[in-house]
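This report looks at how the strands and helices of one protein chain are arranged, and then at the surroundings of its ligand.

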Amino acid sequence: MTHYLITGATGGIGSVLAHRLAAQGNTLTLAARNLERLEALQGALPGVHRLVDTDLTTEAGAEVLAAALADQPPLDGAAHLVGSLLLKPAHRTDFSAWRAVMAANLDSAFLVLRLVAGAVQARRYPASLVLASSVAAGLGLANHEAIAAAKAGVEGLVRSAAATYAASGLRVNAIAPGLTATPLTAGLITSEAARAASTAMHPLGRLGTPEDQAAAVAFLLSSEASWITGQVLGVDGGLGRLRVR
Ligand SMILES: NC(=O)c1ccc[n+]([C@@H]2O[C@H](COP(=O)([O-])OP(=O)(O)OC[C@H]3O[C@@H](n4cnc5c(N)ncnc54)[C@H](OP(=O)(O)O)[C@@H]3O)[C@@H](O)[C@H]2O)c1
C-alpha cells in the first residue's frame, strides 16, 4: 500500500493530484485548513483517506499533522501544495502582508519538510517530497517581490534538503508553475483582456491547468523519478526559460 500526504489538498492543484493518486489505489492523508472542503473532496474520491484540518503556517498546526501521521503507515511521498499570492510592488506592500506571504509559502514548506524528513530519517525508507515554487522565483516579474522571495527560499530548501537527506533515501524536488487556472489565480484572469495578456506571456500559447501541474508532481513522487533529486521542474509553458519574440 502506497501512502501519500497532500497538503493544500483542497486547492486547484492539490485536488486534481488527490483524484489522480486515489484513482491509482493509493492511500492519502489530505491536509488543509477547511474541514468541510476536505470532507467534500473525500466524498468525491475512491477509497477512504485521512483528513487533517490544520494551519500549516504554525508549528502547532504542523504538530497536529505529525500526530495524525503517527498511527498511519509510513509515508512514501508528500506533495506540499499550500501557498498564497500577492502581486504588489515593494513600496506598496505592508510588512504584515510580506510576512503572510513568507508564512504561507516558505514557513509552511519548512515545517512540512521538517516533518517528512524527520519521519524518513527515523525509518530510512525511500520517499519523495515535492514542494511548490513558482516561475517567479527564477524570472524577474514586476510586482512579484514577496512571492518571488518566498519561492526562491523554497528552491533553496529543495537543494539543501536534497543533499542532506540523499543518503536517507528522501528525494526532494519542486515544481515551478507558470500561471495556472486555480482558485489562487482566479482574480488575475477575470477579464478576457487579462486572460489574453497572461496567455501571451507563455510561449506555448495557453495558461497552465491543474492537470499539467498534478502530472508533474505525480511523476516526481513516483518511482519513475527515483534518480531525480534537488531539481526544480518548470511547468510553465516555457515562460521561465524561453524568449520567442
Ligand atoms: N496556480 C498558479 O498559477 C501557481 C503559480 C505558481 C505557484 N503556485 C503554487 O502552487 C501551489 C498550489 O497552488 P494552487 O493554485 O493549487 O493554490 P490554491 O488553489 O489556492 O490551493 C491552496 C491550498 O492550500 C490550502 N492552504 C492555504 N493556506 C493554508 C494553510 N495556512 N495551512 C494549510 N493549508 C492551507 C488551501 O485550503 P484552505 O484554504 O482550506 O486551507 C488549499 O487547499 C502553491 O504553493 C502556489 O503558490 C501556483
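## Sheet, helices and ligand site

In this predicted model, strand β4 (residues 77–80) runs parallel to strand β5 (residues 127–132), and 3 bridges join the two. Within this pair, G77 has S128 of β5 as its bridge partner.

Both strands belong to an open sheet of 7 strands, which are paired in parallel and follow the order β3-β2-β1-β4-β5-β6-β7. The edges of the sheet are formed by β3 (50–53) and β7 (232–235), each of which pairs on one side only. On average, and with direction ignored, neighbouring strands of the sheet are turned by 15° against each other.

Helix α1 (residues 12–23) packs on this sheet, where it touches β1 (3–7), β2 (27–32) and β4, and the direction of helix α1 makes about 170° with that of β1. Helix α2 (residues 35–44), in turn, lies across β2 and β3 and runs at about 165° to β3.

Turning to the ligand, 30 residues surround it, and the closest are T10, G12, R33, T180 and T182. The table lists polar contacts in which an oxygen atom of the ligand takes part.

| Residue | Protein atom | Distance to a ligand oxygen atom |
|---|---|---|
| G12 | polar backbone atom | 2.8 Å |
| K151 | N or O atom in the side chain | 3.0 Å |
| T180 | backbone N or O atom | 2.8 Å |

Of the 890 Å² of accessible area that the ligand has on its own, the protein covers 91%.

Notes:
Residues are numbered from 1 along each chain as its sequence is written. This is a predicted model: local features need pLDDT of at least 70, side-chain atom pairs count only at pLDDT 80 or more; totals for chains, interfaces and linings use all residues. Side-chain values use heavy atoms; hydrogens and water are left out. Two strands pair if DSSP finds at least two bridges between them. Helices (H or I, at least four residues) and strands (E, at least two) are DSSP runs, numbered from the N terminus. Axes are lines fitted to C-alpha atoms, for helices over the stretch in contact, and angles run from 0 to 180 degrees between N-to-C directions. Contact means heavy atoms within 4.5 Å. A residue is near a molecule or strand if one of its heavy atoms lies within 4 Å of it. A polar contact is a pair of N or O atoms within 3.5 Å; within protein, one must be able to donate a hydrogen and the other to accept it, and residues adjacent in sequence count only if both atoms are side-chain atoms. Accessible areas come from the Shrake-Rupley method with a 1.4 Å probe; for residues, only the protein chains shown count as cover.
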